[in-house]
Number of protein chains: 2
Amino acid sequence: MKLATRRNGTRDGELIVVSRDNTRGVSASDIAPTMQAALDDWSTLSSKLIERFEALQSGSLEGEFPIDTAALESPLPRSYAWIDGSAYINHIVLVRKARGAAPPETLGTDPLVYQGGSDTFLGPRDDIPWGDASWGLDFESELAIITDDVPMGTKKEDAAKHIKLFMLVNDVSLRGLIPPELKKGFGFYVSKPSTAFGPFAITPDELGDSLSDGRVHLDMLTDYKEEWYGNPDAGPEMHFSFHDLVQHCSQTRKLGAGTIIGSGTVSNVDRSRGSSCLAEKRMIEKIDTGEFKTPFMVPGDTVRIRMMKGDANLFGTIQQKVVSAT
Amino acid sequence: MKLATRRNGTRDGELIVVSRDNTRGVSASDIAPTMQAALDDWSTLSSKLIERFEALQSGSLEGEFPIDTAALESPLPRSYAWIDGSAYINHIVLVRKARGAAPPETLGTDPLVYQGGSDTFLGPRDDIPWGDASWGLDFESELAIITDDVPMGTKKEDAAKHIKLFMLVNDVSLRGLIPPELKKGFGFYVSKPSTAFGPFAITPDELGDSLSDGRVHLDMLTDYKEEWYGNPDAGPEMHFSFHDLVQHCSQTRKLGAGTIIGSGTVSNVDRSRGSSCLAEKRMIEKIDTGEFKTPFMVPGDTVRIRMMKGDANLFGTIQQKVVSAT
């Protein structure tokens with residue numbers, strides 16, 4: 001099943017069901033007014049949403065409309081929790097090298113996560129605000145899950161049943177602000193501004209055999225400034241799976257329905273796969289030539305992120321432009 | 001005006017208005033069903049809520065009921081953003097010394113904040129779950145504000161108008177898990193479990209002349225195991241005011257209505273004022289005697305937090321007990 005949120009002038013938008021080919025939608029607001037409301041009562045409501053999705057797949061429905069991604073919010077326009085992991089070791093090693101920091105000693109055994117701002121997400125077509133060049137604006141192409149209520153102390157073996165939806169993410173990052181902020185010891189805050197999500201949230205069954213062991217074995221496709229930038233496989237090099245991340249995040253407290261957990265920037269050791277952020281490419285340049293060459297994003301730059309399964313654009317496309325905030 | 005949230009079997013509870021003496025309440029769900037709904041549309045709804053509050057102050061209202069704090073949630077049972085500052089320099093210096101870490105170089109010029117989990121708050125009378133002794137369970141007595149929508153780049157001079165409510169906080173902390181987690185470089189996550197808030201959220205005017213320059217000049221009263229533990233003044237030693245914190249938190253993104261920003265543990269240099277967490281007392285013991293003496297919290301321990309203005313218990317009382325989670 002595919003779900004999305006249509007702008008309707010409210011903070012949380014209107015829940016809609018979307019056809020598998022991303023072309024047609026129909027309101028689901030009679031089942032649940034918003035995506036959060038659906039997640040709050042998923043065990044009761046999801047079967048009704050699936051029924052509507054199947055009806056939409058079978059033929060035209062009264063009130064259906066053509067999908068216009070510009071009219072969509074992120075599936076959750078705001079959420080109660082956005083916890084981003086960093087599960088691709090290649091990304092951690094390269095990015096830490098880029099800022100002259102050592103990888104943590106527990107790199108392979110203890111997942112890295114940070115709690116991101118979840119009160120003001122960007123939509124899949126929203127502009128990315130740019131303050132000034134010192135920000136070092138960068139994108140990060142990622143996957144994320146949305147959970148239901150996860151009890152404290154959930155083990156990875158029990159994690160799959162709590163994963164209700166998958167999403168695509170642009171975890172916007174301000175590389176210039178990260179080193180001084182992390183030096184203070186409390187993690188990211190100003191260096192991680194509002195995050196954007198792909199237009200469609202999909203149930204795990206839509207991934208078919210591409211989903212195994214809590215990993216999605218498909219390429220993460222990023223175009224930067226209208227040109228190919230990367231297509232790393234999101235599967236094999238995800239050192240900590242989404243199951244591991246659920247276990248990690250629920251160690252000392254329960255998680256509320258609608259919690260979003262991100263994979264971290266998708267990254268492969270094979271350089272021919274390109275990258276999913278500018279920081280990695282810059283570090284590779286530095287290793288090879290002694291200097292950073294690729295600049296960070298400036299107003300006018302565009303980024304496009306998507307994930308294909310055969311001909312199907314699973315999550316729709318994140319397509320954003322950087323604009324000056326002043 | 002005083003507002004609270006009454007348990008009603010839903011995730012967000014029922015918004016109620018509370019008399020200034022904390023004894024009587026009346027539903028406000030016809031004005032806004034929940035606290036978040038009130039904050040989402042504060043400019044329209046707050047005058048209606050104030051009208052109800054004034055009517056309740058003037059005499060008895062149809063449908064009013066006696067307040068039973070055990071029937072109340074935290075004012076926001078979950079929120080879209082919980083950003084906790086650490087604005088009392090004395091606390092930072094002592095706690096960092098306790099874990100053998102240096103204070104940040106920018107201690108006096110750049111506020112420290114972390115993004116806390118906001119999907120599952122504890123109520124003012126809820127038990128605090130305890131995993132095992134390695135957690136090093138501690139309380140932290142703090143103040144917090146709730147904002148409306150704060151534009152990106154808001155300056156401290158414009159911050160006051162965005163502060164709609166004040167609250168009392170117990171920022172539960174797991175001291176045993178903090179050093180290894182912070183060593184990874186991404187800040188707190190598992191070491192900061194669910195936070196609890198005082199029963200009543202109050203508008204700034206309720207603080208009267210105790211509120212000046214974005215600081216609350218009243219004592220933070222903490223009892224631990226049914227005995228006095230501390231009464232530091234929350235005002236003069238708050239190095240960064242709530243206005244500074246609003247400016248800091250909105251540097252690179254806007255903040256959504258209902259954002260909670262915390263002061264950090266209230267702390268005074270004057271030792272006769274006691275402390276607002278166990279970690280500080282332990283560090284003072286270590287400095288004076290060479291060893292930590294006070295153990296961290298264990299099942300059965302209680303903590304009580306409140307703030308008085310004369311005879312008035314402004315926020316009601318946080319009163320929690322530690323219980324084994326297993």
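**A colleague's note on the predicted model**

1. Let's start with helix 6 of chain B. The cover over its buried residues includes helix 3 (89-98), strand 8 (137-138), strand 16 (221-224) and strand 17 (227-230) of chain B. Please keep in mind throughout that this is a predicted model.

2. Which residues of helix 6 of chain B are buried? They are L278(B), A279(B), E280(B), R282(B), M283(B), I284(B) and E285(B). You will notice that E280(B), R282(B) and E285(B) are on that list along with L278(B), M283(B) and I284(B).

3. The length of this helix checks out nicely. Helix 6 of chain B runs over residues 278-289, and at 1.5 Å a residue its 12 residues should span 16 Å; the C-alpha atoms at its ends are 16 Å apart, so the two values agree. After the helix comes G290(B), with a positive phi near 90 degrees.

4. Now over to chain A and its helix 3, residues 89-98. Its buried residues are N90(A), H91(A), I92(A), L94(A), V95(A) and R96(A). Part of their cover comes from helix 6 (278-289) of chain A. Helix 3 of chain A is followed by G100(A), whose phi is positive and near 70 degrees.

5. A look at the whole of chain A may help here. It has 6 helices and 22 strands. Its radius of gyration is 19 Å, close to the 20 Å that the globule rule gives for 326 residues, so chain A is as compact as a globular protein of that length. Along the principal axes, its C-alpha atoms fill a box of roughly 60 × 45 × 35 Å.

6. How much of chain A is buried? Of its 326 residues, 63% count as buried. Among contacts in chain A with a separation of 6 or more, 73% are between residues 24 or more positions apart.

7. On the surface, chain A exposes about 11600 Å², and carbon and sulfur atoms supply 50% of that area. As for charge, chain A carries 35 positive and 46 negative charges, and the mean positions of the two sets are 4 Å apart.

8. One last residue to click on is S324(A), in strand 22 (residues 318-324) of chain A. Is S324(A) buried or partly exposed? Its relative accessible area is 34%, above the 20% under which a residue counts as buried and not over the 50% needed for exposed, so S324(A) is partly exposed. Beyond its neighbours within four places in sequence, S324(A) is in contact with W130(A) and P299(A). W130(A) is 194 residues away along the chain, yet its C-alpha atom and that of S324(A) are separated by 4.7 Å.

How values were computed: Residues numbered from 1 in each chain as written. Chains lettered and ligands numbered in written order. Predicted model: local features only at pLDDT ≥ 70, side-chain atom pairs only at ≥ 80, totals over all residues. Heavy atoms only, no water. Helix = DSSP H or I, 4+ residues; strand = E, 2+ residues; numbered from the N terminus. Rg over C-alpha atoms; globule rule 2.2 N^0.38 Å. Buried < 20%, exposed > 50% of the residue type's maximum accessible area, 1.4 Å probe, protein only. Contact = heavy atoms within 4.5 Å. Areas by Shrake-Rupley, 256 points an atom, 1.4 Å probe, with all protein chains shown as cover. Lys, Arg positive; Asp, Glu negative; His and termini not counted. Charge placed at Lys NZ, Arg CZ, Asp CG, Glu CD. Expected span 1.5 Å × (residues − 1).
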